[in-house]
Structures are given as structure tokens and as C-alpha cells.
Amino acid sequence: MKDYSKQLTHNIFQLSAEESLRGLFHQHLEGNPLPSARAIREIIELSRSIIFPGYFGSSKINRHTVRYHIGVSVERLFELLTEQISAALCFQSADNEAHMRATVSSSFYHPQLNPMPPEEQEAAKQAAAALTSAAKVGLSAADMAAANMAAAAAVEQVASAAGEVVTTAAAAEQVAAETAQHLLKTQKLPPVTAGTDLEAMMQGALAAVEDDNVEANAGAEVEQLSSHEQGLQSLTFNDSIKEVAAQMAAQFIASLNSLRSQLALDVKAAFDADPAATSFGEVICCYPGLRAIFNYRIAHQLLILGVPMIPRAITEMAHSETGIDIHPGARIGSSFSIDHGTGVVIGETCIIGNNVMLYQGVTLGAKTIPVDEQGVPLNIPRHPILEDDVVVYANATILGRITIGKGAVIGGNVWVTESVPEGGKVVQSRSSDRGV
């Protein structure tokens with residue numbers, strides 16, 4: 001038999017080469033586990049058993065024992081979430097090479113379905129660029145998480161005030177400003193005010209960081225890695241990180257009651273829209289559309305709390321199970337339903353109003369995406385806006401940052417790249433050929 005040892009040795013050197021691994025290699029640090037797919041599945045199942053007790057989880061639950069069973073599930077959920085969020089924060093910190101970037105998902109849209117004016121888009125882009133720059137130099141994941149949480153809280157507080165409108169730009173600037181506080185403390189930069197040029201300030205901070213690495217704000221231990229190892233800085237799985245993760249986990253659990261109210265409306269919407277549905281229980285247990293929407297709702301909540309990686313894992317698990325792909329960054333209103341569901345795609349920057357219904361094969365996607373000077377696609381709002389009471393039938397494709405007006409109907413197998421007015425209908429033209 002021919003000796004293949006030299007060839008295999010050569011192949012091993014090729015596969016281990018630094019250039020071959022760039023951007024594709026995650027270096028495991030002792031004590032820093034990756035998020036676990038098995039644990040994330042359990043998080044989904046626990047959340048489902050808490051929101052829909054009796055349908056999922058213990059089969060022995062009744063009105064006398066429901067509090068006990070929910071209590072057991074909540075305790076386990078808090079433990080798992082804290083552990084997995086800690087792992088995700090450490091993973092994000094270790095994975096902060098140049099291939100990492102801020103996304104539109106780190107901004108927040110108001111439920112009113114108004115696209116941002118160009119000047120606000122520019123402000124949001126500057127804030128996102130500041131976050132990207134911070135990520136490239138290894139700004140602490142704990143700081144970024146704290147910034148996202150602060151921004152989410154600020155947006156929620158303002159949004160709850162009657163008549164107030166929260167713009168993406170305002171929220172993104174808040175995120176960048178909160179993130180910059182770490183650099184303010186360590187580099188003694190001028191304080192952030194409403195008129196501060198965040199991009200210029202962060203660029204100035206980056207120059208200083210090159211000579212003096214930033215120490216983690218939460219007191220987390222930071223390890224500097226050599227240039228051929230992944231990431232510039234990496235957080236360790238310690239008590240400081242666990243405290244940040246525990247706070248996020250507690251906030252998520254506090255939101256479960258409101259998530260239940262949202263999902264109750266989704267169940268009713270699916271039941272009302274489908275005469276084949278015999279009961280709410282059938283919808284809850286059997287409908288793939290509701291399963292995908294459930295995963296989306298909990299993933300979106302984790303995303304706006306600043307949890308990295310896990311939200312996307314949750315929605316992709318639903319994608320694998322149901323064939324329905326909903327990005328956790330999409331903004332979806334109440335009473336949302338997806339009938340049949342296979343092949344539905346909802347992009348990251350979609351905004352969907354209340355009482356919207358989609359059928360199988362619907363794509364809410366983007367057209368050709370503009371690029372920056374380096375040829376990198378710009379992460380800007382690029383997916384459709386569907387206002388209230390819109391119905392989109394099977395295999396329709398709606399592309400680009402266009403608006404489908406309130407009460408509009410989009411027929412099956414059509415291609416839509418222009419806005420549709422309120423109450424409008426888009427259907428295939430009928431053939432005039434004889435016999436059709």
C-alpha cells in the first residue's frame with residue numbers, strides 16, 4: 001500500500017495555516033465554554049412550558065399545581081439563561097476580529113411604521129460605525145451588553161409615553177453614547193452631550209487604545225492574545241460576567257408575562273384565520289407558524305436586552321423545524337399569523353404591523369444592497385414595511401425598503417419592488433389568450 005504520510009502531513013500544515021484559518025477559527029479558552037445548542041433548546045422548551053403551561057412541560061399540571069410547576073421551570077430557566085448568556089458574552093468578546101460588525105438589529109424602531117428620514121439614517125450609521133470601531137479593538141462585551149440594556153430601557157421608557165416617537169437614530173446614538181462611557185472613564189475624554197460627534201470621539205479613543213488597552217469596565221479579567229490567535233481581547237467566564245448575564249436573564253423572565261399576552265393574540269389570529277382549526281389548543285400544539293412566531297418573540301426580546309448570538313440560534317432552530325426563517329431583529333406587531341408557513345423568509349430590518357397574515361413561501365427580502373468604499377455591504381434598513389391588516393398570499397416576493405399600505409392585499413406568485421398604497425391590491429394580470 002502506498003505511503004500517504006507525507007501528503008497527509010502537507011495537508012495538515014495547509015489546514016492549520018494562519019491565512020487559511022483567518023475569520024474561521026474560534027480559539028477555546030479554558031473555562032470559557034461556547035453556548036450549547038442543547039441548553040438553548042431547553043431554554044426554548046422551558047419558556048414554552050411557562051407561557052403555555054399544560055400544553056408543554058409537565059403532563060401532570062393542573063390549576064392547583066400550576067404555580068409550583070411554573071416556579072420550577074422559572075428557576076431552571078434563570079440558571080440556564082445565566083450560564084448561556086455568560087458563554088455568549090465571552091464568545092462575542094473572543095470573536096471581535098475585523099469580521100465582526102454592528103448591525104441594524106442593535107437599533108430600535110418605533111411601532112409606528114415610519115421609515116427614517118435620510119438625515120436620521122446618517123446619524124444611525126455614524127452611531128453603528130462607532131460601535132463597530134469599538135468592537136474591532138475588543139471593547140468589553142460586558143460594556144456593550146450594558147450599553148444595549150441601557151438603550152433598550154431608555155427606548156421603552158420614552159415609547160410608553162403617550163404621543164412620543166422613538167427614532168432609530170436616537171436609539172442608536174444612545175447605544176453608542178452608553179458604550180463610549182467606558183472609554184470616557186479610562187481615557188478621560190470630554191463628556192458626551194447631545195451635540196457630540198460620536199464617530200470622531202470614538203476614533204480619537206481608538207488611537208489612544210492602540211497604546212494602552214482598555215481595561216474591562218465590569219472588572220472582568222481580560223487576556224491579550226497574540227496576533228495569530230483569534231480576537232484582540234477576551235473576557236473570562238467569571239463572577240462579573242455572570243452578574244451581567246444574571247441581570248439579562250432576570251429581565252427576560254420579567255418580560256414573559258407580556259410575551260404571553262402577545263402570543264395569546266397570535267394564537268387567536270391563527271385560529272380566526274383558519275376555519276380548519278378546531279381549537280386554540282390545536283393551534284398551540286400543532287401549528288408550525290405559531291412555533292416559529294414563538295421562537296421569534298423570545299429571541300427578539302433577548303436581542304433587545306443585548307444578548308449576543310443566542311437570539312439568532314433560537315430563530316434558526318425554528319427555521320430548521322418549520323422551514324420558516326424570521327430574523328430576530330425584525331419588528332412584528334400583534335395578532336401576527338403565518339398559515340402553512342414553509343418557505344417564509346422575514347429579513348432583519350422588516351417592520352410588520354398588527355393583524356398581518358402571511359401564507360407559505362412569502363419572502364420579505366432585500367434588493368441589491370449598496371456597499372461602502374471597501375465593497376462591504378451596508379447594514380442599513382433594506383427590507384419591506386407592512387402596515388396593519390396586510391395579507392400576503394403564497395409565494396409572493398416583496399423586496400426592498402418599500403411600504404405596503406394598511407389593508408393592502410398582495411396576491412400569490414407576484415414580485416413587488418414598489419410601495420403599495422393603503423387598501424391596494426397587487427395580483428397577476430390575467431392572460432387574454434383563448435382557453436385560459
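This report walks through a helix, a buried aspartate and the cavities of a predicted model.

## Helix α9

Let's start with α9, which runs over residues 239-254 and so counts 16 residues by its definition as a helix run. From first C-alpha to last, α9 reaches 22 Å, close to the 22 Å expected at 1.5 Å a residue.

Which residues of α9 are buried? They are Ile241, Val244, Ala245, Ala246, Met248, Ala249, Phe252 and Ile253. As a reminder, an α-helix has 3.6 residues a turn, so residues three or four places apart point the same way.

## Asp325 and its neighbours

Next up is Asp325, which sits in strand β3 (residues 325-326). Is Asp325 buried or exposed? With a relative accessible area of 17%, Asp325 is buried, because the cut-off for buried is under 20%.

Leaving out residues up to four places away in sequence, Asp325 touches Glu316, His319, Val344, Val345 and Ile346. Gly347 is 22 residues from Asp325 in sequence, and the two C-alphas are 8.2 Å apart in space.

## Cavities

How many cavities of 30 Å³ or more does the structure hold? There are six, and the largest has a volume of about 80 Å³. That largest cavity is lined by 13 residues, and the closest to its centre are Ala270, Tyr287, Ser337, Ile338 and Asp339.

Helices α10 (256-273) and α12 (288-304) and strand β5 (337-338) each supply at least two residues of this lining. Sorted by class, the lining of the largest cavity has eight nonpolar residues, two polar and three charged.

How values were computed: Residues numbered from 1 in each chain as written. Predicted model: local features only at pLDDT ≥ 70, side-chain atom pairs only at ≥ 80, totals over all residues. Heavy atoms only, no water. Helix = DSSP H or I, 4+ residues; strand = E, 2+ residues; numbered from the N terminus. Expected span 1.5 Å × (residues − 1). Buried < 20%, exposed > 50% of the residue type's maximum accessible area, 1.4 Å probe, protein only. Contact = heavy atoms within 4.5 Å. 1 Å grid on protein atoms, 1.4 Å probe; cavity = no way out; pocket = protein on both sides within 12 Å on 5 of 7 lines; lining within 4 Å. Points joined across faces, edges and corners; volume = space filled by probe spheres on them. Nonpolar A, V, L, I, M, F, W, Y, C, P; charged D, E, K, R; others polar.
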